[in-house]
Amino acid sequence: MGGLLALGLVISGTGLVTGLPRLWEESQRGKTRPTAPATPAPPAATSATSGVVVLEGDFEGLLSTGTGMILTESGEVLTAYHVVEGTSEMLALDPDSGETYELELRGYHYERDIALLQVVGEGGPFTTVAIDEDGIAVGDSATVLGNANGQGYLSEETGKVVALDDWTFVASTDGSPAQRASGLIRTDVPVVSGHSGGPMMDEEGEVTGVVVIGSTGPGADGYAVPIAEALQIVESIRGEADAEGVVAGPTASLGIVTTNSRASADDGSPLELQDVDGLQIVRFLEGSAAWRAGLRHGDVITSLDGEAVRYSITLARMLREREPKETVALGVMRADGTAEEIEVVLGERSVF
């Protein structure tokens, strides 16, 4: 079996490609979405696609793509969290109506890679997906429907259920150790980037799981979180319950984009930062708490409240454990090699 990846960046797992998001450009800038002459016309919407939407988001000028499922007539949308993580805006295209809708984040479960979104403003009633209540078995038919490779419309791949309650390792995109994901449905469906967050369905077109992981190479597989578990997470988000792993509402933020690529002479990094373990700041988001506290481009964050920070996944976990407006102490290595401890009042991330 080939290398495993969490799906959502194109190629390596989060759906990022260069250029402005297509739906973002159309909705926010009033421009007509261009049609590439070599791209085949998307298939017409059918009952099998009802309630499934194409997702496109703005990640600092890059495009994050995926798929979502409408759960309620009021516009609740279920997807994989890695599709929306780090994006500043997220839009949904409903192939049934051809309409585009702005979304906001209601909550998520990081470890299980599940997120609940909500259509903003007027719209609906929306067509919802059909949920399987009969259960599945090894050997059953499995169909994955989604925005394959960020193509901008829905297409499907079919196969069989290979295993239940399965596990695999998920390769990171930030250099951190691979993470073990368990309790998954495994199929032989060739899942690709853009399928993330979309439905795994049975032969009746009912949703049995949320697609979260695919693999590369010969014998590629597709993995999904069982729909019953995903809906339990949704219920916790709706009730803002204190369920383990569930985050609902605004969360703490430093307002930065980082890379954990270890600085070296080869990449032109200053001598003082070579071989320093940490997260180097490459971009600040609007209203960044870190910028207000005096951090600047090129600074390397080495710790938070005394705990070492080497990977972005570690920093994300630390921030999930804290509250907006809480004060934290960041260990920072400046570009000139000066080590400092800087207090930062955390901001609020209210979107994604």
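The following exchange concerns salt bridges in a predicted model.

Reader: What makes the contact between R106 and E76 a salt bridge?

Author: The side chains of R106 and E76 come to 2.9 Å, N to O, and because the cut-off for such a nitrogen and a carboxyl oxygen is 4 Å, the pair qualifies. R106 belongs to strand 6 (residues 100-109) and E76 to strand 4 (residues 76-79), so the contact, whose partners are 30 residues apart, links distant parts of the chain.

Reader: Why is E76 called buried, and why is R106 called partly exposed?

Author: E76 has a relative accessibility of 6%, which is under 20%, and therefore counts as buried; R106, with a relative accessible area of 25%, lies between the limits of 20% and 50%, and is therefore partly exposed.

Reader: How do you know that R238 and E76 also form a salt bridge, and what does the pair tie together?

Author: Their side chains meet at 2.5 Å, N to O, which is within 4 Å, so the criterion is satisfied. R238 lies in helix 3 (residues 227-238) and E76 in strand 4, so the pair ties together parts 162 residues apart in sequence. E76, R106, E235 and R238 are linked in a network of salt bridges.

Reader: What makes D299 and R334 a salt bridge, and are these residues buried or exposed?

Author: The closest N and O atoms of D299 and R334 are 2.6 Å apart, which is within 4 Å, so the pair is a salt bridge. D299 at 3% relative accessibility and R334 at 16% are both under 20%, and therefore both count as buried.

Terms used. Residues numbered from 1 in each chain as written. Predicted model: local features only at pLDDT ≥ 70, side-chain atom pairs only at ≥ 80, totals over all residues. Heavy atoms only, no water. Helix = DSSP H or I, 4+ residues; strand = E, 2+ residues; numbered from the N terminus. Buried < 20%, exposed > 50% of the residue type's maximum accessible area, 1.4 Å probe, protein only.
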